Amino acid sequence: MKLLEGKIALVTGASRGIGRAIATRFAEEGAHVAFTYLSSEEKAKALEEELKAMGSNAKAYRSDAGSFEEAEALAKAVLEDYKRIDVLVNNAGITRDNLLLRMNEEQWDQVLTTNLKSVFNLTKHAMRSMLKQREGSIINITSIVGLTGNAGQANYAASKSGVIGFTKSVAQEIGSRGIRCNAIAPGFIETEMTDKLGDNIKEALLAGIPMKRMGQANEVADVAVFLGSDMSTYVSGQTLSVCGAMYR
Ligand code: NAP
């Protein structure tokens, strides 16, 4: 039997990168995958077709993760379409890097809204279905930077540390209702988010990774499969790093 056979999963920001890899691995493991995108409509439609061809009852929804109203409408639409949500993956995220001296209010607000408020938005709305079911797994994608901080990313690091605090709190609030809540902290993973870093920054980052390579989105997705599945029924309130020993 596949690890996520018949489970209904909702993954935010799955048109590219880590979210896409999670949606694909989930479908490989037998999940029906509802997923969101913001602007990459063609890529989202292509993924929907790809997942359907794998036997997943997949559907792409355009929804801005940072909007409370859109998250509410999304949860409602997914529940109308699928009747339940077993696994929620809050993955959508952005960077707007700058040294604090130069960081403007917009860069701060955009990152905190997309990376942190989004997790509140959808967890709150999707949790209702899990509370009724008395089971569910919530997986929040944070970052190693949320544990270590990083010069030039005060906004991003603050949002990702916030996700860890949120994860631990929610795990304590709803553990008694059979719902688990964990975070995954990827290190330096090859996606469009890291493609845009300059070569000198990439070299400096690589030098600090004991495994001496960037991670692949699939390697994060495998950990999401573990946390979404019944292989982790007593794991909750944790942050699992996927970082090639970058953070020790
Ligand atoms: P990516 O390649 O830039 O992809 C980001 C995804 O998020 C896209 O599908 C994008 O959708 C979606 N998205 C962005 N803003 C959104 C919004 N407001 N509403 C809904 N969807 C939105 O990034 P990635 O590297 O895969 O990162 C995924 C997650 O992992 C993020 O939370 C990131 O912080 C975290 N992470 C990444 C790394 C890394 O090294 N790559 C390391 C640690 C943590 P559209 O394409 O439609 O815009």
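How many residues apart are glutamate 48 and lysine 52 in helix α2? Being four residues apart in that helix, which covers residues 41–53, they are separated by about one helical turn, and I should say at once that we are looking at a predicted model. Their side chains meet in a salt bridge, with 3.1 Å from N to O. Glutamate 48 is buried, at 9% relative accessible area, whereas lysine 52 is partly exposed, at 38%.

Let me turn to helix α1, where glutamate 28 and arginine 25 lie three residues apart, again about one turn of the helix. These two form a salt bridge whose closest N and O atoms are 2.8 Å apart; arginine 25 is buried, with a relative accessible area of 16%, while glutamate 28 is partly exposed, with 39%.

A further salt bridge links arginine 62 to glutamate 70, with the closest N and O atoms 4.0 Å apart, and here both partners count as partly exposed, arginine 62 at 48% relative accessibility and glutamate 70 at 31%. Elsewhere, salt bridges that share partners join Arg25, Glu28, Glu29 and Asp222 into one network. The structure holds 15 salt bridges.

Now to the largest pocket, which has a volume of about 1200 Å³ and is lined by 50 residues, with Gly93, Ile94, Thr95, Tyr156 and Met193 lying nearest its centre. Among the elements that each supply at least two residues of this lining are α1, β2 and α6. By character, the lining residues divide into 21 nonpolar, 22 polar and seven charged.

Terms used
Residues numbered from 1 in each chain as written. Predicted model: local features only at pLDDT ≥ 70, side-chain atom pairs only at ≥ 80, totals over all residues. Heavy atoms only, no water. 1 Å grid on protein atoms, 1.4 Å probe; cavity = no way out; pocket = protein on both sides within 12 Å on 5 of 7 lines; lining within 4 Å. Points joined across faces, edges and corners; volume = space filled by probe spheres on them. Nonpolar A, V, L, I, M, F, W, Y, C, P; charged D, E, K, R; others polar. Buried < 20%, exposed > 50% of the residue type's maximum accessible area, 1.4 Å probe, protein only.
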